[in-house]
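Grab your viewer and work through a few exercises on a two-chain protein. Try each task yourself before reading the solution under it.

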Amino acid sequence: MRVTVELFGIPRQRAGVPETEVEGSTLGDVLLELSQRFPALGEACLSGRCLKSGYIANLGGDQFVADPDIRMRDGDSILLLSLDAGG
Amino acid sequence: MGGSGLGVALLLAEGTAAANPLSEEAALAFVFSPLVGSPLTTSAKFAVVSKSPLTQRINDSLASSGFALEGKKTGFDAIVLVGQARRLSLVVIDDQQVRIEDASDLAGMSNSSCQSELRKRLGKKFQLATIGPAGENQVHFATISHNGRHAGRGGSGAVLGAKRLKAIAVRGSQVVTWYNPTGLTSFAKQLSDKSFGPATAKYRELGTATNLLMFNRLNVLPTRNFQQGSFAGVNSISPEELKITRDRVRSSCAACTIGCEHLYSLKGTDDTVRLEYETLFALGPMCGIDDAESILQAAKKCDEVGIDTISAGGTIGFAMECAERGFLDAPWLRFGDGQALARAIDMLVCSQGIGRLLAKGSRQMALEIGRNSIDFAPQVKGLEMPGYDPRGLQMMGLGMAVNSRGADHNRSGAYEADFSSAVDRRNVGPESVHLAIESEDKAALMDSLILCKFLRGVFVDFWQESAEILHLVTGLDVTATELRETAKRIVNAKKRFNIRAGWSPAEDRLPTRMLAQSLPEDPRSSLSPDRLQSLIRAYNLARGWTEDGWLLSREGQV
């Protein structure tokens with residue numbers, strides 16, 4: 001499945017790009033692919049197929065997700081962001 | 001305990017909840033806390049507690065740094081001010097000696113000028129809390145400032161101004177001691193180490209302003225007085241863009257290892273200004289402004305004259321819509337016009353022209369304008385809403401509706417649930433109200449210990465670790481369960497104050513616009529009056545109150 005990943009905050013800082021496309025059948029696959037492509041992002045925000053504490057993913061601007069086994073569909077959009085708001 | 005909780009207790013003891021907050025008899029308390037002066041990161045904070053002239057309800061606002069550290073060393077845990085000086089004055093607390101000095105020569109001075117002048121007069125050891133001209137003129141959302149940081153929300157600066165007090169100066173020589181210094185030092189080091197971790201990285205690297213792009217993407221960024229949830233000009237004012245185009249320095253409160261403050265340069269000067277998400281949203285998208293320089297200059301102006309940026313942006317954004325609709329005779333006041341924003345700030349500080357209306361905040365302004373403009377005044381209980389659209393962040397909508405201080409993101413952090421897989425943020429149900437309660441209780445305890453909320457992500461078990469902290473500092477043997485009960489008592493005490501001040505269940509609501517219209521970019525972001533009411537009922541019952549929100553005690557029913 002081809003998935004668009006939109007990056008915000010620290011994930012964007014570490015990846016150096018606001019958006020990228022990756023292949024993956026599950027959220028965990030997508031995160032693993034991101035780690036390999038952007039090692040600094042992987043080190044700061046990801047732990048293998050999972051998100052580190054302090055980060056969360058959102059599916060298409062709708063549902064916040066963290067389960068690495070969530071299935072991806074072709075054309076899905078994943079937002080990767082820092083967890084806390086405030087300010 | 002200290003901070004907000006102790007402040008509310010002191011105000012209840014004063015027995016003036018029903019008084020006009022700008023009257024002579026009204027009380028205002030500066031309150032320190034058990035943790036001030038300890039090696040715990042982010043603990044150098046103080047609370048200012050009074051009845052708010054903006055909401056006519058309880059108000060507690062927090063600020064940080066040297067004033068807290070030096071104030072604690074005077075040996076006082078709190079300073080309660082009642083009465084009124086004959087002329088503009090200054091309260092000097094020098095250890096246990098208290099005196100009142102004439103401050104007529106400081107009239108009209110900005111916060112930074114006033115603090116600079118007083119440092120010359122009193123010496124650098126004194127730490128100062130001041131009001132700007134807005135406080136002197138009793139603008140209902142005037143702040144109290146210390147070294148560029150502000151007890152910002154709810155208008156405590158106007159309360160001080162009504163007492164004709166331009167400043168409080170503190171100097172102390174007492175030594176703060178702890179029950180278990182070795183254990184505390186070890187705990188503090190561990191907490192500091194954790195505060196460098198991923199949970200606070202965003203605050204260090206980009207600051208809170210980094211919320212802007214994320215909120216915009218999720219269509220919950222209040223734009224043009226909550227008429228939209230996203231803003232076309234968002235990229236040009238984002239911190240990601242600003243850090244490329246402007247000089248930026250990082251700073252922190254005293255005794256803080258996070259360092260969330262990001263100061264941006266202003267064009268044509270050597271000056272800088274702090275920029276938080278709330279300031280950015282309120283003076284930017286809320287007023288339709290996509291010019292970074294206009295926003296930064298307006299933020300600087302608010303800091304210097306001493307007004308809350310959220311209420312300033314909220315009130316002016318509301319006025320812009322009123323002008324657009326022809327409800328207000330101010331054709332120059334248009335969304336997107338940075339010069340109009342600056343002019344409106346100037347006018348409200350001295351109550352000139354429409355500034356007389358603006359200075360009272362959006363609720364009072366709407367009541368004077370009429371024409372059902374109250375339906376789109378962006379406030380709850382009179383406090384202007386922070387940068388979270390409750391239609392797309394409904395747990396936060398509940399938090400804003402029920403909170404004692406009014407629409408607020410610091411006393412309720414219910415948005416944490418919205419930004420998680422725990423709820424569907426567009427369709428929150430009564431089964432989830434415990435998440436709003438947990439957030440509110442945590443905030444009540446953090447504001448009373450006092451610790452910065454940006455630490456909340458570094459605790460594994462917040463209640464247990466807070467009990468441990470309190471034991472190490474004071475020797476009190478307190479359990480996590482007891483601290484949870486303490487937090488609930490603080491929330492109840494605020495409610496009790498509000499009931500005595502005239503609260504009624506009808507106040508716990510959101511503006512009609514939020515309940516009648518979905519977000520245009522996202523029709524699924526819709527919150528009906530019935531659903532909000534069902535959330536409020538569930539919240540009240542889960543709190544142990546009546547369905548309508550009254551305390552069960554006889555006292556609370558008064």
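The exercises below use a predicted model, and each solution goes step by step.

**Exercise 1. Work out how many residues each chain gives to the contact between chain A and chain B, and what area is buried there.**

Step 1: Start with the head count. Chain A puts in 25 residues and chain B puts in 34 residues.

Step 2: Now the area. About 2,300 Å² is buried between chain A and chain B, and carbon and sulfur atoms account for 54% of that.

Step 3: Next, the polar side of things. Between chain A and chain B, 6 residue pairs are in polar contact, counting pairs with both residues at pLDDT 80 or more.

Step 4: Then ask which elements of chain A are involved. On the side of chain A that touches chain B, α1 (10-15), β5 (55-59) and β7 (77-82) each supply at least two residues. Sorted by type, the residues on that side of chain A come out as 10 nonpolar, 10 polar and 5 charged.

**Exercise 2. Find the residue of chain A that forms a salt bridge with Arg524(B), and say where both partners sit.**

Step 1: Set the scene with the totals. The structure has 43 salt bridges over all chains, and 4 salt bridges cross the interface of chain A and chain B.

Step 2: Apply the cut-off, which is 4 Å from a side-chain nitrogen of Lys or Arg to a carboxyl oxygen of Asp or Glu. The closest N and O atoms of Arg524(B) and Asp62(A) are 2.9 Å apart, so this pair qualifies as a salt bridge.

Step 3: Place the partners. Asp62(A) is in the loop between β5 and β6 (63-65) of chain A, while Arg524(B) is in the loop between α22 (512-516) and α23 of chain B.

**Exercise 3. Describe how α17(B) packs on α23(B), then do likewise for α1(B) and α21(B).**

Step 1: Take the geometry of the α17(B) and α23(B) pair. Helix α17 (residues 394-402) and helix α23 (residues 529-542), both of chain B, pack at about 65° with their axes 10 Å apart. Their crossing is right-handed.

Step 2: List who meets whom. From α17(B) come Gln394(B), Leu398(B), Ala401(B) and Val402(B); they meet residues of α23(B) including Leu532(B), Leu535(B) and Ile536(B). This contact of α17(B) with α23(B) splits into 7 nonpolar, 1 polar and 1 charged.

Step 3: Over to α1(B) and α21(B) (residues 480-501). Their axes come within 9 Å and cross at roughly 35°, and the crossing is left-handed.

Step 4: Here Gly5(B), Val8(B), Leu11(B) and Leu12(B) of α1(B) meet a set in α21(B), among them Ile490(B), Ala493(B) and Phe497(B). The contact of α1(B) with α21(B) divides into 6 nonpolar, 1 polar and 3 charged.

**Exercise 4. Check the loops of chain B: which residues does Glu25(B) touch, which bond is cis, and what is phi of Ser65(B)?**

Step 1: Glu25(B) sits in the loop between α1 (3-14) and β1 (28-31) of chain B. Ignoring neighbours within four places in sequence, Glu25(B) contacts Thr16(B), Ala19(B) and Val82(B).

Step 2: Scan omega. The peptide bond joining Leu449(B) and Ile450(B) is cis, with omega about -5°. Ile450(B) belongs to the loop between α19 (433-449) and α20 (462-474) of chain B.

Step 3: Scan phi. Ser65(B) isn't glycine, yet its phi is positive, near 85°. Ser65(B) lies in the loop between β3 (58-64) and α2 (66-72) of chain B.

Definitions and conventions:
Residues are numbered from 1 along each chain as its sequence is written. Chains are lettered from A and ligands numbered from 1 in the order in which they are written. This is a predicted model: local features need pLDDT of at least 70, side-chain atom pairs count only at pLDDT 80 or more; totals for chains, interfaces and linings use all residues. Side-chain values use heavy atoms; hydrogens and water are left out. Contact means heavy atoms within 4.5 Å. Buried area is the accessible area (1.4 Å probe) that two parts lose on being put together, summed over both. A polar contact is a pair of N or O atoms within 3.5 Å; within protein, one must be able to donate a hydrogen and the other to accept it, and residues adjacent in sequence count only if both atoms are side-chain atoms. Helices (H or I, at least four residues) and strands (E, at least two) are DSSP runs, numbered from the N terminus. Ala, Val, Leu, Ile, Met, Phe, Trp, Tyr, Cys and Pro count as nonpolar, Asp, Glu, Lys and Arg as charged, and the others, Gly among them, as polar. Axes are lines fitted to C-alpha atoms, for helices over the stretch in contact, and angles run from 0 to 180 degrees between N-to-C directions. A crossing is left-handed if the near helix is turned anticlockwise from the far one by less than a right angle, and right-handed if clockwise.
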